[in-house]
There are 2 protein chains.
Amino acid sequence: MKICMIGAVGHNNYVIEGLEQRPGVTVAGIAPGPNEKDVSALSEACKGIGQRPKVFDTYQLMLDQMSPEIVTIACHFSGHARVAVDSISRGHHVFIEKPVATTLPDYERLRAAYGSANVHLSCMLGIRYEPPFMAAWRAVQRGAIGDVRLMTAQKSYKLGTRPDFYCDRETYGGTIPWVGSHAIDWLRWMSGEEFETVFASHSTHANVNYSDLEVTALCHFTLRNDVFGGVSIDYLRPRAAKTHGDDLIRVMGTTGILEVIGDNVILIDDSGEQQLLLEPKRAIFAEFVDQVRGEGECLVTAEDAFSVTRACLLARQSADEKRIISF
Amino acid sequence: MKICMIGAVGHNNYVIEGLEQRPGVTVAGIAPGPNEKDVSALSEACKGIGQRPKVFDTYQLMLDQMSPEIVTIACHFSGHARVAVDSISRGHHVFIEKPVATTLPDYERLRAAYGSANVHLSCMLGIRYEPPFMAAWRAVQRGAIGDVRLMTAQKSYKLGTRPDFYCDRETYGGTIPWVGSHAIDWLRWMSGEEFETVFASHSTHANVNYSDLEVTALCHFTLRNDVFGGVSIDYLRPRAAKTHGDDLIRVMGTTGILEVIGDNVILIDDSGEQQLLLEPKRAIFAEFVDQVRGEGECLVTAEDAFSVTRACLLARQSADEKRIISF
């Protein structure tokens, strides 16, 4: 199987990890996304796992020449949708950085392109595959906490030094879609309910010259059946904190509560409190490869990618316009 | 100093603890609040600390006969405001269970009564006095995390067995005011900012025959200066959980983050992560007694009691009407 990689931004590590687990897959080419120049970091990452892709100046040229089965896309965030549409229209399966679009018109275009093609699509909501989140989800699935009623989730990152394109809403897309998308995904994934409304707030206060970049955000989702989900998002995690990110989710059900805190998953139910055992980590891109081969299913479906992206964009709009938005 | 106690519901333990620390204070009388019958539990609690109050059939009779300096009020929640107005209009200082009113008209009446009298008023937002919360607040006060930008708070309780008056919105007032008031107080207390808007949701789903009682709630507050605060409230904590309640707050500032989790307070800043030392617990009612005597100040001011009560009632209204409410 031949794949091409577009863009040297974002979570290409998911692709690299997947390639390590599926040795039959070859990276035939790499190319920059729109307005990107340098893909040397991606080139190095490929070399690190014994891949020797050809480097192209433009992704269009690469796709025309290489005809890959799968295209992976992780460029400047505003480019995700356009590059994905270009790839899908050539008949390639796509594995896209999240959010898969940074504007609603781009979202609609991508959705339409996907709808009229016969390709597989997934996106890099890879935290689902982290063992603590996987264990929590499996516990919910087996009924360990009854019906999910209320959820709170957190994404807290160090700001560090970010590329220039984070400073511009047009290229960055906003903190709710970029950082928040994971947590927004967990709400829908854990509860199995669809979003009904969102009210959100975000602020560029204290963003240390990062111009448009929102440093704090808070989202309030209502889902079907009176299920509620709160998401807090920030770039305020201090430099000296132990980890880059502090991902948390708490899922409250009718018969128990699940908490993912760092590498731990705590289940509290009528038999008391226990820490759940974790299974070895699986690789999201490896499972997407399996899906394309007809040999399995990636946990992140095309429907998941679209629903979460739309939820992010409506949340951002809610925060911009300071009003409740219905789905 | 002579005090009278009205009602055998709620957190009279704050009063009992305070009395133990201020031996010069005598409980002269106790009486039921409106629609209450039995104050024997309160009578027993008083006996337990060597107090022998006279028991009255009605609080009005008690106030007329005893002329106490301070009246403490912890009756059916919808009675707080009325009993407080009756007490204030007789010139007594009042220490009231929170929320100090369960309807906006009652809130306005109480505020007006307080405004036209010359009495001290505080309320049982006693979690401020818990050593972890006190330590977190002191750390914020000394600038340990810079300017507060984002907060998330949690109140999670076991439902257990509740008196009948919890089943009726009219007497209970709602879960956001009853359980949420503490967390809503923390947002304003920790940040030092005033509320600007609220959007909230609550649900009676899964309330096991408790009729009007909301089992889950989620509140999204915006405060001045683009500060945001999320509050999650539930009665879903399993019977076998280690503690009755699971109170949490996370306060994110421009230079650090504070987390109160159980008995621990974690400060994360540019020097790393550390657990803060706790000071011995002080007693809220003891400090209210001091304030009345002109010898100190209770941490919960009348303005705090009113602001938090109004915030609770507007949040409840927001959840009932599914709309954003401005303060």
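1. A:Glu36 sits in a loop of chain A, between strand E2 (26-31) and helix H2 (40-48). Keep in mind that this is a predicted model.

2. A:Glu36 is buried, yet no salt bridge pairs with its charge. The nearest side chain of opposite charge is that of A:Arg82, 11 Å away. A salt bridge would need a side-chain nitrogen of Lys or Arg within 4 Å of a carboxyl oxygen.

3. What lies 2.8 Å from a polar atom of the A:Glu36 side chain? The backbone nitrogen of A:Ala8 does. A:Ala8 also appears among the contacts of A:Glu36 beyond four places in sequence. The others there are A:Gly7, A:Val9, A:Cys75 and A:His76.

4. Now the hydrophobic interior. The largest nonpolar core holds 124 residues. Within this core, A:Ile3, A:Phe221 and A:Tyr235 touch the most other members. Helix H11 (residues 302-321) of chain A gives the most to this core, with 10 residues. A second, separate core has 123 residues, among them B:Val83, B:Ala200, B:Phe288 and B:Val289.

5. A:Ile3 deserves a look of its own. Leaving aside neighbours within four places in sequence, its contacts include A:Val25, A:Thr26, A:Val27, A:Ala28 and A:Gly29. A:Pro68, A:Ile70, A:Thr72 and A:Phe285 are also in contact with A:Ile3.

6. Last, the two chains. A turn of 180 degrees, with a shift of 0.0 Å along the axis, lays chain A on chain B with an RMSD of 0.0 Å. The two copies are therefore related as by a two-fold rotation axis. Both copies use the same surface: 100% of the contact residues of chain A recur in chain B. Which residue of chain A comes closest to the rotation axis? A:His220 does, with its C-alpha at 3.3 Å.

Conventions
Residues numbered from 1 in each chain as written. Chains lettered and ligands numbered in written order. Predicted model: local features only at pLDDT ≥ 70, side-chain atom pairs only at ≥ 80, totals over all residues. Heavy atoms only, no water. Helix = DSSP H or I, 4+ residues; strand = E, 2+ residues; numbered from the N terminus. Buried < 20%, exposed > 50% of the residue type's maximum accessible area, 1.4 Å probe, protein only. Lys, Arg positive; Asp, Glu negative; His and termini not counted. Polar contact = N/O pair within 3.5 Å; in protein donor to acceptor, adjacent residues only side chain to side chain. Contact = heavy atoms within 4.5 Å. Least-squares fit on C-alpha atoms with pLDDT ≥ 70 in both. Core = buried A, V, L, I, M, F, W, Y, C linked by side-chain atoms within 4.5 Å.
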